[in-house]
Amino acid sequence: MLLAVIGFILTIAIIVTIHEGGHCFMAKWLNVSVTRFSLGMGKVLWRRQVGETEYCISMLPLGGYVQMQDDTSPDMTEEQKARTFSRQPRWKKALIIFAGPAVNFILAFMLYVGIGAIGTPDFASVMGQPPANTQAAHEGIQEGDRVTKVGQAPVRGLLDLNFELLNHAGEADLPLTFDRQGEAFVRHFSLADVSMDSMNEKAPVAQLGLTPFMRDPVVAKIAEGSPAKVAGLNQGDRLLEINGHKVTSVQQAVDLIRESKGNPVTMLVAGYETPNDKRTLTMTPEVIDGVSKVGISIAAIPEMVTVRLGPVDAVIAGWQKVKKLTLLQVKGVSQMATGEASTKNLSGPIAIADMAGSAVKNGVVPFLEYLALISLAIGFMNLLPIPALDGGQLIVIGLEALRGRDFSMKTKENIGKVGFVLMMLLFVFVMNNDLSRYIGG
């Protein structure tokens, strides 16, 4: 809970500062008077005056705002009135409004470039034996085959593979390039049944039967007082050898223990985080219902790789990630609007806080990835044609340009009220989704 709160506040502080900073910077650059820059909404908790602008931190960490000077004061000089937002030409107003979402996209791009250069830990795109009756099984995919491309997009790890498949959801014919012992070959898969809704239940790779090759069996659990516990085996230890046989899979480890028939079992193990610290342990299994057991549960993990890109490749990958995620959001909103996808996929502040906490817990790179994703989502959402959002305001400016004159103040107030009601309804809806997930199950 503490990590969720810290992650949420940190995320909102960065994203809102960047977004509202875009509005503020553009306004000042175009010589429009900014009277207040607030991080948060509601009652002001802290303020500091710098020049003509008051910088504030407000009570509710659910957004922020930039307040620009209006021209209603009778004491204003003509020079001061000329710097008010309402007196600006429509192109300047549009630039100021668009600057907020624009810097969210720029931040996401810069973060993805930085992440590519730093390097991201990922599972290798090496496939295990596909489950029966899956597309991968029908296409003859074998254990050890490595996916190298989805269409023309390179695949560097399992996250890349899943992301590229997600971008092709709904397509009936998608070529995947594999490498088998140095020889490339192509197989065609159908993603016609893969949808935004089905992806929430099961990842695209799993839907196609593209399961990662699991290696390095590790000790997942150890029963108290068991032979393994007494012998000094630790949770997380890698099983390297059992009775002199190299261990390469979970089933092999289980079979070797059972084959002992109650005779002593010798294991060569290594600590998960200290692979060079190898130990030899001997234990005598208990025979229960004719089966030799040492009191452990064994799991396995896929091969790990570090995806690190050069400067040029990092820039290209960052641009591709922003473009494809934006198109994915367009597809998601379109499908929800037409009823093809469920609106239950929408998340609110509770889900954001939960994801932020997990990202903070997992380290710097996962948090930066999460931050990039949220920045992109906020930038995209603000461009939706809802009156209270930047996109809605841009639509109003566009309609005024077509009319050749501004809407009346009364009309703008009514548009603002409609937008506020829509935003409140959306907030209630996503909060209900969050509560249904975390309380209703």
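How many helices and strands does the secondary structure of the protein come to? The count is 14 helices and 16 strands. Keep in mind that this is a predicted model.

**Whole chain.** Start with everything shown. The protein has 441 residues, and 39% of them count as buried. Now look at contacts between residues at least 6 apart in sequence: 63% of these join residues at least 24 apart.

**Stop 1: α1 and α3.** Select residues 2–29 for helix α1. Add residues 90–118 for helix α3. The axes of α1 and α3 cross at roughly 140° and come within 7 Å. That makes α1 oblique to α3. The crossing of α1 past α3 is right-handed. For the contact itself, show Ile14, Ile15, Ile18, His19, Gly22, His23, Met26 and Ala27 on α1. On the α3 side, show Leu95, Ile96, Ile97, Ala99, Gly100, Pro101, Val103, Asn104 and Leu107. By class, this contact of α1 with α3 divides into 12 nonpolar, five polar and no charged residues.

**Stop 2: α3 and α10.** Keep α3 and hide α1. Select residues 311–338 for helix α10. The axes of α3 and α10 come within 8 Å, crossing at roughly 135°. Thus α3 is oblique to α10. Here, too, the crossing is right-handed: α3 passes α10 that way. Pick out Phe105, Ala108, Phe109, Tyr112, Val113, Gly116 and Ala117 on α3. They meet Ala314, Val315, Gly318, Trp319, Lys321, Val322, Leu325 and Thr326 on α10. The contact of α3 with α10 has 11 nonpolar, three polar and one charged residues.

**Stop 3: α9.** Move to residues 250–258, helix α9. Which residues of α9 are buried? Color Ala253, Leu256 and Ile257. Then look down the axis of α9: its buried residues fall within an arc of 100°, so they line one face of the helix. Next, show what the buried residues of α9 pack against: β9 (238–242), β10 (245–246), β11 (265–270), β14 (291–293) and β15 (296–302).

**Stop 4: Met267.** Stay with β11 and select methionine 267, which lies in that strand. Is methionine 267 buried or exposed? Methionine 267 is buried, with a relative accessible area of 0%. Expand the selection to the residues methionine 267 touches, leaving out those up to four places away in sequence. These are Leu233, Leu239, Glu241, Ile242, Ile257, Arg279, Thr280, Leu281, Met283, Val294 and Ile296. Ile257 links back to the previous stop, as one of the buried residues of α9. Finish with a distance: the C-alpha atoms of methionine 267 and isoleucine 257 are separated by 9.8 Å, and the two residues are 10 residues apart along the chain.

Note on methods:
Residues numbered from 1 in each chain as written. Predicted model: local features only at pLDDT ≥ 70, side-chain atom pairs only at ≥ 80, totals over all residues. Heavy atoms only, no water. Axes fitted to C-alpha atoms, helices over the stretch in contact; angles between N-to-C directions. Helix = DSSP H or I, 4+ residues; strand = E, 2+ residues; numbered from the N terminus. Parallel < 35°, antiparallel > 145°, perpendicular 65-115°, else oblique. Left-handed = near helix turned anticlockwise from the far one by under 90°. Contact = heavy atoms within 4.5 Å. Nonpolar A, V, L, I, M, F, W, Y, C, P; charged D, E, K, R; others polar. Buried < 20%, exposed > 50% of the residue type's maximum accessible area, 1.4 Å probe, protein only. Arc of directions from axis to C-beta.
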